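Please open the structure in a viewer and keep the selection panel at hand. The tour below proceeds by selections, from enclosed spaces to cores and open pockets.

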Amino acid sequence: MMAMGLTRLVAIAFALLLVSILPLHVSLAGEISSIESVPDLQKLMYVVVDGYPCVRLLNLSGEIGCSNPGLNKVVAPIIKLKDVKDLVQPHTILVTVDEMEDFFTRVSSDLSFASKIGGVLVESGSNFQQKLTGFSPDKKFPQAQFSPYENVDYKWNSAASSIMWKNYNFPVYLLSESGIAAVQEIISKKKMKHGTYTSDVAEFNMVMETTKAGTHNSEACLQEGTCLPLGGYSVWSSLPPISVSSSNNRKPIVLTVASMDSASFFRDKSFGADSPISGLVALLGAVDALSRVDGFSNFKKQLVFLVLTGETWGYLGSRRFLHELDLHSDAVAGLGNTPIETVLEIGSVGKGLSEGINTFFAHKTRVSSVTNMTLDALKIAEDSLASKNIKILSADTANPGIPPSSLMAFMRKNPQTSGVILEDFDTKFVNKFYHSHLDDLSTINSSSVVAAASVVARTLYILASEDKDASNSALGSIHVNPSFVEDLLTCLLACEPGLSCNLLKDYISPTNKCPGNYAGVILGEPSSKPYLGYVGDVSRFVWNFLADKTSVQKGNTTSVCSKGVCSKTDEVCIKAESNKEGTCVISTTRYVPAYSTRLKYKDEAWTILPQNSSDSMGMVDPVWTESNWDTIRVRVYTVQHSAYDNTVLIAGLTVTTLAYIGILAAKSLITKALKQD
């Protein structure tokens, strides 16, 4: 009887304890009516938040970016920045994008405040683009150490804050639209809960391997294998194809350059719409237009197109391309002994439209007859497009030199390089979101990109043919396809349809849907014929597209390549990913590995080479690497305060104790009463 009473008493006490906690779980359940499995329970308690992380990057002198400070997950209560007063313990700060610059500037200057930051969730969206006067986490003169001129204090980027180049020992996460909704929902439910007894927390699983191993610079982490070098694969192609086996009739090269990688505070949210993807799309649009023109084999100049990656991180692509030229490697076979007469770079061209006129500025490397020849060709192209309302203006002579661009690497390599960069700005960037996640498709105009592509296509025809007649019927027949440009912009700068668009799927089988345009890391041994699983989606598309459009047999050949290999040495296999059988075409199109010239890959490991005084760019090369990481995940949920848990426990124990005493007292009274009877 006594044992049964105690059992019943314990059950009652447990029920009281459960009832005291139950309202919290009911409030979290919301729309979930029943729990049938462990996943249901997890959905009830935890909400996984979608978004984009800031990760840990390293160079020879230290670290930048973000990471959990230790080896474990970070769990911290969420609080809006505007509600922050005197924090006693670390919190997760909910920051809007218009608060980012001031917030991270304060973190860098106020160590006491920084110590109370457990993590950061960033809320962004199109509404902020409209009200922000500018947001660029990059520097005022990006990559000034590679400048070919001395005035490195010039402010090309007036919206700069430099916050992406600092080191933050806490996780930072940009919320997606669904992530914003999830966080706002859990915060809005706070009033429905036991407000004084619960906290909404964010849990960050953003532990970096370099933090775990204690390797805090590129040399240390490469030695320990906790990081990989930034880089990827650039692509070049010639029109018409170059006969590698023949050294006769080598023509001077007109090299057209664009970049395909961008950067931002957040690794996978680096669209780079104006800078540099508008230039990339303009180049591809020009190539598409020129592919419909005959007679290039009879022209006096050789057209070569070069699309670079890794430019944001020390001009990795252009420097490696020039280094491979010095080595006469397989990656540049056909170019090794041929002089590059001039370079035409297509920079930011997505914001040229103003009051119905597309205006672009030509920035030149130096005064020379060859540079003047390029400027003249641009003017003739402009005249031939008179009905299109396009203006080409010379950049202000008061500028210290060319703006930050791949052409800087060419000039540092050879100060006598003749080149011109086409930009949508004159004295400073008009892109107020330079190297920001806000530099997306909505900030550029496709007609501006079409106009730039039209000018470039006709300029290249004039330079190659040396025909300066603006009324030439062949020149007038060169037209850029606006639909192609618009489609490609959507493919490379939006998640719908994104990289799964029909245009890209005609050439490759994309591994991702949403474009990121971050350079990424180089995997495995660098090669001019890399394992395609190690080559990014955009690089593979550019390679296939250029090989197709510059080929002699554009779709008319019956030769197939089921395993990506063609029988003839001057042929390449295109569209092998998208079709079961690719097509062999005659084309000179190559991959060029893009990674630091200070790095060497040997025995499946990377080592840093000693400085070489003859390599001026190598002397200032930071050698960027990215920390390895296993999983990045953020989730939010509600927890009870430990004080409340302790109160419930004490209350339960008190009830149990009193009940037990009551039973003993009742038993004693009953026993006495029975004896009296």
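**The largest cavity**

Select Ser259, Pro276, Pro404, Ser405 and Tyr434: of the 24 residues that line the largest cavity, these lie nearest its centre. The elements that give two or more residues to this lining are helix α9 (273–290) and strand β15 (340–346). The cavity has a volume of about 340 Å³, and its lining comprises 10 nonpolar, 9 polar and 5 charged residues. Please note that the model is predicted. In total, the structure holds 3 cavities of 30 Å³ or more.

**The second largest cavity**

Next, select Val55, Leu57, Ser264, Phe265 and Trp313. The second largest cavity encloses about 130 Å³ of space; the five residues just selected are the closest to its centre among the 13 that line it. By class, this lining divides into 9 nonpolar residues, 3 polar and 1 charged.

**The whole chain**

Zoom out to the full chain, whose secondary structure comes to 19 helices and 27 strands. Of its 677 residues, 54% count as buried. The accessible surface amounts to about 29900 Å², with 52% of that area belonging to carbon and sulfur atoms. Among contacts between residues at least 6 apart in sequence, 80% join residues at least 24 apart.

**Arg292**

For one pairing across the sequence, select Arg292, in the loop between α9 and β14 (302–308). Is Arg292 buried, partly exposed or exposed? Its relative accessibility is 48%, so Arg292 counts as partly exposed, the limits of that class being 20% and 50%. Now add Ile478: its C-alpha atom is separated from that of Arg292 by 7.9 Å, although the two residues are 186 apart along the chain. Display His479 and Asn481 as well; Arg292 touches both, when residues up to four places away in sequence are not counted.

**The nonpolar cores**

Move on to Leu284, Leu290 and Leu492, which have the most contacts inside the largest nonpolar core, a set of 89 residues. Helix α13 (residues 446–465) supplies the largest share of this core, 13 residues. Centre the view on Leu284 and show Phe484, Leu488, Phe541, Val542, Phe545 and Leu546: Leu284 is in contact with each of these, leaving aside neighbours within four places in sequence. A second, separate core holds 60 residues, including Cys66, Leu94, Ala263 and Trp624.

**The largest pocket**

Select Lys529, Trp543, Glu571, Val572 and Cys573. These lie nearest the centre of the largest pocket, which is lined by 34 residues and contains about 1000 Å³ of space. Colour α17 (537–549), β21 (571–574) and β23 (589–594), each of which supplies at least two residues of the lining. The lining consists of 14 nonpolar, 11 polar and 9 charged residues.

**The second largest pocket**

Keep α17 coloured for the final stop. The second largest pocket has a volume of about 770 Å³. To locate its centre, select Asn512, Tyr518, Ala519, Gly536 and Asp537, the closest to that point of the 32 lining residues. Which element gives the most to this lining? Helix α17 does, with 4 residues; β12 (232–239) also supplies at least two. The classes here are 15 nonpolar, 11 polar and 6 charged residues. Helix α17 thus appears at both stops, supplying at least two lining residues to the largest pocket and 4 to the second largest.

Methods:
Residues are numbered from 1 along each chain as its sequence is written. This is a predicted model: local features need pLDDT of at least 70, side-chain atom pairs count only at pLDDT 80 or more; totals for chains, interfaces and linings use all residues. Side-chain values use heavy atoms; hydrogens and water are left out. On a 1 Å grid over the protein atoms alone, a cavity is a set of points where a 1.4 Å probe fits but cannot get out, and a pocket is an open set with protein on both sides within 12 Å along at least five of seven lines; lining residues have an atom within 4 Å of a point. Grid points are joined across faces, edges and corners, and a volume is the space filled by probe spheres set on the points. Ala, Val, Leu, Ile, Met, Phe, Trp, Tyr, Cys and Pro count as nonpolar, Asp, Glu, Lys and Arg as charged, and the others, Gly among them, as polar. Buried means under 20% relative accessible area, exposed over 50%, partly exposed in between (1.4 Å probe, protein chains only). Contact means heavy atoms within 4.5 Å. A nonpolar core is a set of buried Ala, Val, Leu, Ile, Met, Phe, Trp, Tyr and Cys residues joined through side-chain atoms within 4.5 Å. Accessible areas come from the Shrake-Rupley method with a 1.4 Å probe; for residues, only the protein chains shown count as cover.
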